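Work through the exercises below with the sequence and the structure side by side, and try each task before reading its solution.

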Amino acid sequence: SPALRECLCLNFIVLPACTRNLPEGQEQASAPSDSVLCSHTKTWYGEAKQGDITVLSESGVCMTMDHELAILSGAMTQAGREVLRLAAAGFETFTKPDHSPVTSADLAVNQILHDSLSAAFPDDGWLSEETADTAERLSRKRVWIVDPIDGTRSFVRGLPEFCLSVALVENGLPTVAAIFNPATGEFFSA
């Protein structure tokens, strides 16, 4: 949906992209139909048409983030199933000190994502809206930044206008980002 695409554009800085030389004989894949996502920026999601997510490393060398995206996609799919289960079965709603809502679904998604990503990438830091921040993440080269359910108020009201939002930042630069609305099945990543 346009709102979900806008969410990805606004929540995460546009990822730097680069192109790689393809092995001889390998054809370049066409860009996905929604590759115009964030086309109003200098770099847009879907730019790397080889089918892999590519970013510039500190040295300016292209590197793929396929492994990170595969783990993240699996974790988000699992978390999305749990959101749908809790939406049907019922969930608790609490009020945070800033007077914003948080649900047991937010906490469940946070736990699923944390467990999956921490197991796969134990050296990475963690910064989540639903986890107390620690100084430990500041010493980490890579940090996962998470909003377990972006749009909790909509989720509580039963509106399908929420998403799971996650980004990986390496040395201060975003390298992987994904949002998933399990209510509509929309998943966008870069």
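A residue is called buried when its relative accessible area is under 20%. Keep in mind throughout that this is a predicted model.

**Exercise 1.** Determine what share of the residues in the protein chain is buried, and describe the surface that the chain exposes.

*Solution.* Applying the cut-off of under 20% relative accessible area, we find that buried residues make up 42% of the 190 residues in the protein chain. Turning to the surface, the chain exposes about 10,100 Å², of which carbon and sulfur atoms supply 53%.

**Exercise 2.** List the helices and strands in sequence order.

*Solution.* We begin with the count, which is four helices and nine strands. Reading along the sequence then gives the pattern α-β-β-α-β-β-α-β-β-α-β-β-β.

**Exercise 3.** In the open sheet of five strands, work out which strands stand at the edges and why one side of each is left without a neighbour.

*Solution.* First, write down the order of the strands, β5-β6-β7-β8-β9, whose pairing is mixed. Next, note that β5 (125–128) and β9 (186–189) each have a single partner strand, so one side of each lacks a neighbour in the sheet. Finally, neighbouring strands of this sheet are turned by 15 degrees against each other on average, direction ignored.

**Exercise 4.** Describe how β7 and β8 are joined, and which helices pack on the sheet.

*Solution.* Strands β7 (residues 163–170) and β8 (residues 173–181) run antiparallel and are joined by seven bridges; in one of the pairs, A167 has A177 in β8 as its bridge partner. Helix α2 (residues 66–89) lies across β6, β7, β8 and β9, at about 30 degrees to β8, while helix α3 (residues 104–120) packs on the sheet and touches β5, β6 and β7.

Conventions. Residues numbered from 1 in each chain as written. Predicted model: local features only at pLDDT ≥ 70, side-chain atom pairs only at ≥ 80, totals over all residues. Heavy atoms only, no water. Helix = DSSP H or I, 4+ residues; strand = E, 2+ residues; numbered from the N terminus. Buried < 20%, exposed > 50% of the residue type's maximum accessible area, 1.4 Å probe, protein only. Areas by Shrake-Rupley, 256 points an atom, 1.4 Å probe, with all protein chains shown as cover. Pairing = 2+ DSSP bridges. Axes fitted to C-alpha atoms, helices over the stretch in contact; angles between N-to-C directions. Contact = heavy atoms within 4.5 Å.
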